[in-house]
Amino acid sequence: MISLNDITLTFPDGDERITAVDNVTLTAHPGTVTGITGPSGSGKSSLLAVAATLIRPDSGQVLIDGVDATALAPREATELRREQIGIVFQQSNLIPSLTAHEQLTVMNELGARHSRGRRTAVAKRSRELLDAVGLAPHADKRPHQLSGGQRQRVNIARALMNEPSVLLIDEPTSALDQERGASIIELILRLTGDLKTSTLLVTHDLVHLPQMHAGVTLVDGRIVDGLPRSASTSVRADLGAVAS
């Protein structure tokens, strides 16, 4: 579970400071997707960066499975991020020379201890995740051989390689058409339920919000609205029907 408690974040602007996130409190529970929307410049990506422990807030707490990430030393925060947080950036940033399978397995080599001894298990998990996102037949293809939607699926699978308890996703459909975007949102909802991640998803596309378990709107860094309860109930009913 991830809880953001009274988060405030400011940036310097000449002799003053601009408030990017203003006293935001937000929780995402395991197996649920919480949408974050709002106009450009409203603080959505800044809030996600705080949740990812990439930026330390001026005040407030980021609790990840009960651990206060804001109280950790930089090395400890890096370790927490590596082991418990999956991040899906707006751009897939895949390595051009690597296949889809290798995009996932290379995560094992990036600073993790005992990586050599884990290679067989890592390769197995990579194959399982590519199958879960519908890309098993494309495991040996490089990014230029994949469509935009397929590259985003690799991006999502890569974020799940470390079996994170928290999944943070920034504008996953911004470069996709409506049909492919809807497919990506459906995939995220399914994987969140299957893997019991606590997912925060930033999106500018309001059409996707009613599918999520909860949602908030940011304006000038503050929460001004939430997803209606009736919409949340409808989503849970729909997901229950799919699961059964």
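Start by selecting Thr-120, Ala-121, Arg-127 and Asp-131: these exposed residues sit on the face of helix 4 that is turned away from its buried side. This is a predicted model, so keep the confidence colouring within reach as you go.

Now turn to the other side of the helix. Select Val-122, Ala-123, Arg-125, Ser-126, Leu-129 and Leu-130, which are the buried residues of helix 4. Look down the helix axis and you will find them within an arc of 165 degrees, so they line one face. The background is familiar: an α-helix has 3.6 residues a turn, so residues three or four places apart point the same way. What do the buried residues of helix 4 pack against? Show helix 3 (100-105) and helix 5 (148-159), and you have both packing partners.

Before leaving, try the distance tool on the ends of helix 4, residues 119-132. Its end C-alpha atoms are 20 Å apart, which agrees with the 20 Å that 14 residues should span at 1.5 Å a residue. Just beyond, pick Gly-134, which follows helix 4 and has a positive phi near 80 degrees.

Next stop, the sheet. Select strands 2, 1, 4 and 5, which form an open, antiparallel sheet in that order. Which strands stand at the edges? They are strand 2 and strand 5 (67-68); each has a single partner strand, so one side of each is left without a neighbour in the sheet. Further in, strand 1 (residues 2-13) and strand 4 (residues 59-64) run antiparallel and are joined by 5 bridges. For one pairing to click on, take Ile-2, whose bridge partner in strand 4 is Ile-64. Then add helix 1 (residues 44-51): this helix lies across strand 1, strand 2 and strand 4, at about 120 degrees to strand 1.

Stay with strand 2 (residues 16-28) and pick Asn-23. Most residues other than glycine have a negative phi, yet Asn-23 has a positive one of about 55 degrees. Asn-23 counts as partly exposed, at 40% relative accessibility. Lys-196 also has a positive phi, of about 60 degrees. To find Lys-196, go to the loop between helix 6 (178-195) and strand 8 (198-202). Lys-196 is exposed, with a relative accessible area of 54%.

Finish by colouring on pLDDT. The chain averages 87, and 89% of the residues score at least 70. Residues 228-244 stay under 50, and the model has 11 contacts for them beyond four places in sequence. Where pLDDT is low, the predicted coordinates should not be read in detail.

Definitions and conventions:
Residues numbered from 1 in each chain as written. Predicted model: local features only at pLDDT ≥ 70, side-chain atom pairs only at ≥ 80, totals over all residues. Heavy atoms only, no water. Helix = DSSP H or I, 4+ residues; strand = E, 2+ residues; numbered from the N terminus. Buried < 20%, exposed > 50% of the residue type's maximum accessible area, 1.4 Å probe, protein only. Pairing = 2+ DSSP bridges. Contact = heavy atoms within 4.5 Å. Axes fitted to C-alpha atoms, helices over the stretch in contact; angles between N-to-C directions. pLDDT = per-residue confidence, 0-100. Expected span 1.5 Å × (residues − 1). Arc of directions from axis to C-beta.
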